[in-house]
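Biologist: I'm new to this model and would like a close look at one spot. Could you walk me through it slowly?

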Amino acid sequence: MDVVNQMQRQFVDYSTSLHREGILDDQFTQLQKLQDENSPDFVVEVASLFFEDCEKLINNMARALEQQGVDFKQVDASVHQLKGSSSSIGAVQVKNVCIAFRSFCEAQNREGCLRCLQQVTHEYSLLKNKLQTLFRLEQQILAAGGSIPVIE
Amino acid sequence: MDSSCNCIEPQWPPDDLLMKYQYISDFFIALAYFSIPLELIYFVKKSAVFPYRWVIVQFGAFIVLCGTTHLINLWTFTLHTRTVAMVMMTAKVFTAVVSCVTALMLVHIIPDLLSVKTRELFLKNKAAELDREMGLIRTQEETGRHVRMLTHEIRSTLDRHTILKTTLVELGRTLALEECALWMPTRTGLELQLSYTLRQQNPVGYTVPIHLPVINQVFSSSHAVKISPNCPVARIRPAGKYMPGEVVAARVPLLHLSNFHINDWPELSTKRYALMVLMLPSDSARQWHVHELELVEVVADQVAVALSHAAILEESMRARDLLMEQNVALDLARREAEMAIRARNDFLAVLNHEMRTPMHAIIALSSLLQETELTPEQRLMVETILKSSNLLSTLINDVLDLSRLEDGSLQLDLGTFNLYVVFREVLNLIKPIASVKKLHVSLNLAPDLPEYAIGDEMRLMQTILNVVGNAVKFSKDGSITITAFVAKAELLSDSRNPEFFPVPSDNHFYLRVQVKDSGIGISPQDLPKLFTKFAQNQSTATQNSGGSGLGLAICKRFVNLMEGHIWIESEGLGKGSTAIFMVKLGIPERLNESKLAFMPKVPPNHGPTAFPGLKVLVMDENGVSRKVTKGLLVHLGCDVTMVSSSEECLRVVSNEHKVVFMDFCTPGMDGYEIAIRMHEKFTKRHERPIIVALTGNTDKVTKESCMRVGMDGVILKPVSLDKMRSVLSDLLEHRVLFEAI
């Protein structure tokens, strides 16, 4: 029991820190609320989907920006998608970068876009790591027989 | 030679005188005989018609041959050859034949010729007869023309006298009458009075009773009837020396507006008739012809119509004049009333100000005086002054209020107030007076009486105070009970007050207050007068009742303004009375409570699924976003179908889906178009799913465009669970939500 409590506390602290650092926002909490007996792995599923989507989009953007004649419209479309996905999951940092990215696309600024792309990739990797840690903690708690604490 | 020989006498010498004459005669005969046929031919040729041409030929032949014979005779006076004799003989033979034939023919022809003559005579007679008839028709036609002209004359005027006069004049002229007269029925209907004549200028008022047989005879027939010149109606002129001419009378129906009812035509028995009498010139031996009688009948009918027109016009003119008079009178009355009201208002305004100011001074200063050091007598005096001035002030207020109430210019000051407090105030105010009179006052407030209510606090208190005050005033001892409760639906329609049908609703309740006292009571005949102004019970007027009698009247006005009813019940004198009134008050909190009641209070994390089985369609190109939305909706219990493109959306959507969530910010996917297409697909509003757009920006432009294409709502992403829940419940309840941020 003690272990479970400890793990739960760890989980809560970690979650809170993520929120405090501004990596995740309230939307993520909402997603966690949606997780119940009917869909126990809801958050994990959403996150996996997000990672897939993200990687695909980032690759697209990278390829598009490598071209000689950059198709900014296509890049913009991908950024838009990424923005949507990130806001759905609550990845606030990623979303903010996307917003900046979009303005560079509109300005057709290749340098700016490349810079943003780099930033996005960085943020995304960070987020992925953090979330994977979080999920591991969850699994540990569940394996120990505890329940995931609800964060208000 | 003197012998008596039997030989033929020798031929006389040709140049004998006898011979000569014969010779000449023969010659002339021949000439004549040749010229006659020529003449015949000539003249026959000239005449167009001659039926017997071959007779001419025959005759001509006969004559020519005769002439030839006589011509040839000329040669026989002298010695002639055998040839001549032969020719002579031939000619004679021919002549004989032809003459015999002609003689035979003539036997047939001559009777024919004679009959031609008779036929000619017959035709001449016929022609004469036709001429006569022609003359008759022409006179008839002329008569017809006269009728038309007469009618025209009669109908060209709407003045009754002109009509009648014209009729008589024209008739007289057309028919060359000696006299025409018109007899009109008198007002009583029992006599006929001579109204108009042709020749006499001012007919003296001859009257004949209406029920004479001859008059009845004329009235009962629609034709003109010949009457005897000796009957009273025809004896208009002084009896002359001559034989009076024939007289004819016709009836003229007098049509009245009142004769014509909507659904039935007037019966003949109620018809009134006038009598038209026409006299032919005396001593003219003229007879009334059929066509003349017809003329008279037609004219009589036309006159009837013209008269009725004139009568109707008269009526309408009279009605119009009457209306105008009435209008003028009403206008005057209205202006006078307005002036009176203005005068009264001015008076009241003056009263209001001028009387209240000194009143205020008196009351204020007396109450101040009360605060100072006073001897007991002085205190008593000051108290009396204060009481009297309060009473006077109340009186002024009452009068002003009542006049304003009657104007209809009084309006309730609605506000939220504490009902319990109002009753307690009244109790506090009345307790001192009641205790002086040793009356016990008790207040019962029902437990379900709401604490707060919406209404005019001041006036409600005034009403309760007035009623309770009356109870105290008219009770010498005993107790007074005030009960207040919420009127239930069954009790609302009191059999006593059939016109009062209060209808309770969610926002209002009816407060019922009953004030029962054990006082002097009211006799049944006084009960209806209670609420009339200035009417007091005569029995109590002498006692120190005070007040102006306006109190209850004012209460009634207030109660009516509050859409209620007030009445007093009493079993009789000395048995006490109960004053009951009901007023409509608003409920302040009920609205909020009712709204909350609709929303299922679902605790944030757990809780029953709010929308079990609700079929929704989610369209989103973005996989993550789609999954999140789906998760939200599944958590709320919905049955979610996901599509990732607009074509798929339009294909899959059916009327089973209650709500369609469309992600709006993906470029290339025209959310607007989808909305339009969905409207096209589902023409009936109740079949169409509710369309909601999920968008990242809710600026005004986006919202307006969404509204324009027929979307039912717009939600800003990201959507929280609570927000989704409230959005869905709002949508399903109202079918429209225009903003959820």
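Is B:Glu170 buried or exposed, and what is its relative accessible area?

Modeller: B:Glu170 is buried, because its relative accessible area is just 7% (buried is under 20%, exposed over 50%, partly exposed in between, with a 1.4 Å probe and protein chains only). This is a predicted model, where local features need pLDDT of at least 70, side-chain atom pairs need 80 or more, and totals for chains, interfaces and linings use all residues. Residues count from 1 along each chain as written, chains are lettered from A and ligands numbered from 1 in written order, and side-chain values use heavy atoms, without hydrogens or water.

B:Glu170 sits in helix α4 of chain B, residues 160-175 (a DSSP run of H or I, at least four residues, numbered from the N terminus). Its side chain makes a polar contact with the side chain of B:Arg173, at 2.7 Å (an N or O pair within 3.5 Å, one able to donate a hydrogen and the other to accept it; sequence-adjacent residues need both atoms in side chains). Past its neighbours within four places in sequence, B:Glu170 is in contact with B:Met149, B:Leu150 and B:Glu153 (heavy atoms within 4.5 Å).

For a comparison elsewhere in chain B, try helix α2, residues 53-76, where you'll find B:Cys66 and also B:His70. B:Cys66 counts as buried, since its relative accessibility is 12%, while B:His70 is partly exposed at 24%. Leaving out residues up to four places away in sequence, B:Cys66 touches B:Tyr33 and B:Thr95. On that same basis, B:His70 touches B:Asp26, B:Ile29, B:Ala30 and B:Tyr33.

Definitions and conventions: Helix = DSSP H or I, 4+ residues; strand = E, 2+ residues; numbered from the N terminus.
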